Amino acid sequence: MSDWLLDLPKVELHCHLEGSMSSATVKALATAHGADWSEVWTGKIPDHFSFVDFPDFGRQYLFGLSLLKREGALVTAVDDLAAQLAEQNVRYVELTTTAYSHFLNGMPREQYRDELDEGRRRAAERGVEVSWVIDIPRDLEMPGEGVTVDYLESALTPNGLIGIGLGGYEVGFPAAPYADQFRRAKALGLHALPHAGETEGADSVRQAVVDLGAERVGHGVRVLEDHELTQRLVDTGIMCEVCPTSNLLLGVVDDIADHPLQRMIDAGLRVCVNTDDPGWFDTDLVTELSIASEELSVGRPQHLAMQRDATAACFAPADVRRRIVEELDVFERART
Ligand SMILES: [Zn+2]
């Protein structure tokens with residue numbers, strides 16, 4: 001692990017709170033709950049998770065998420081993640097959380113809000129500013145349901161909410177039918193931050209941009225399959241949130257050496273590097289940045305440029321953003 005990348009002040013724009021739980025946390029919560037995991041894993045809960053494909057990942061992920069309904073578990077999840085982010089000099093994170101799944105598990109909306117607020121307050125004490133993105137899980141919440149956007153319009157949302165996302169399995173669950181939900185969320189002042197171009201190709205990215213008005217695209221790595229659309233993202237400056245290990249483990253790329261991050265940079269796309277689900281994928285931001293250095297030819301100037309660009313593309317309060325830019329200036333003068 002590079003000391004330089006560890007010391008670099010950082011932001012992370014694509015990380016799922018419910019995906020940040022480590023195997024140890026899942027085991028501890030499952031034991032505390034007396035949970036039955038026989039339909040997810042045979043035998044013991046594994047020390048390291050592995051996935052055949054995205055649906056296989058989804059099954060394991062939803063089991064982990066179901067463990068978070070115990071009172072206080074969400075606060076612990078935010079605080080555990082914030083501790084790790086603070087150690088890695090991550091100053092600001094946009095955390096995606098899937099309200100729909102918690103509500104489906106029976107969590108009251110007040111509990112969800114209160115625990116996110118408390119987790120965010122504790123993260124700030126560690127020096128990590130948190131903003132929330134609440135996503136619609138496209139393979140669970142059908143377009144006609146409106147559960148997530150009804151919640152976003154309620155008075156029970158957490159502090160620091162900045163965006164609506166669209167997560168879950170893209171195949172068979174296109175983005176365009178969610179246009180009305182995104183329109184309603186944007187009317188609340190929320191930013192459009194859907195996943196696209198991960199398990200589906202460029203047309204999925206097109207729907208995210210055209211139909212949902214995406215301001216950044218989660219993943220977006222498959223946009224390169226369409227030259228005209230790639231150019232559109234370049235021209236409009238829509239950033240792609242790239243997550244290398246996630247793409248490898250979920251079969252989006254077969255070999256990390258084939259990951260398109262550098263090709264995306266060469267094409268002129270705005271990109272940032274992220275963890276996606278750090279607990280489930282057994283990774284962290286410094287590891288992902290190290291992979292970009294060692295496997296994908298990303299040099300120090302590109303790393304610095306990506307942090308500056310991610311800071312420009314994030315939706316942090318102005319004072320937080322200004323502080324990070326000043327820190328990057330000091331870091332660059334001292335280290336390069
Ligand atoms: Zn994601």
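This is a short tour of one helix and three paired strands, in a predicted model.

**Stop 1: helix 4**

Select residues 73-87. This is helix 4, with 15 residues. From first C-alpha to last it reaches 21 Å, close to the 21 Å expected at 1.5 Å a residue.

Now color Leu74, Ala77, Val78, Leu81, Ala82 and Leu85, which are buried. Look down the axis of helix 4: the buried residues fall within an arc of 125°, so they line one face of the helix.

What covers them? Show strand 2 (90-97) and helix 6 (109-125); both are part of the cover over the buried residues of helix 4.

Before leaving, pick Asn89, which follows helix 4. The phi of Asn89 is positive, near 60°.

**Stop 2: strand 4 and strand 3**

Select residues 161-167, which form strand 4. How many of its 7 residues are buried? The count is 5, so strand 4 is mostly covered.

Add strand 3, residues 129-137. Strands 3 and 4 pair in the parallel sense, over 6 bridges. For one bridge, display Ile134 and its partner in strand 4, Ile164.

Then add helix 7, residues 147-152. Together with strand 3 and strand 4, helix 7 makes a right-handed β-α-β unit.

**Stop 3: on to strand 5**

Select residues 191-196 for strand 5. Strand 5 pairs with strand 4 in the parallel sense, over 4 bridges. Zoom in on Leu166, which stands opposite Pro194 of strand 5.

Finally, trace the chain from strand 4 to strand 5. The path runs through helix 8, residues 179-187. This β-α-β crossover is right-handed.

How values were computed: Residues are numbered from 1 along each chain as its sequence is written. This is a predicted model: local features need pLDDT of at least 70, side-chain atom pairs count only at pLDDT 80 or more; totals for chains, interfaces and linings use all residues. Helices (H or I, at least four residues) and strands (E, at least two) are DSSP runs, numbered from the N terminus. The expected span of a helix is 1.5 Å times one less than its number of residues. A residue is buried if 20 or more other C-beta atoms lie within 10 Å of its own, exposed if 12 or fewer, and partly exposed in between; C-beta atoms are placed from the backbone. The arc is that of the directions from the helix axis to the C-beta atoms. Two residues are in contact if their C-beta atoms, placed from the backbone, lie within 7 Å. Two strands pair if DSSP finds at least two bridges between them. A crossover is right-handed if, with the strands pointing away from the viewer, the path from the first strand over the helix to the second runs clockwise.
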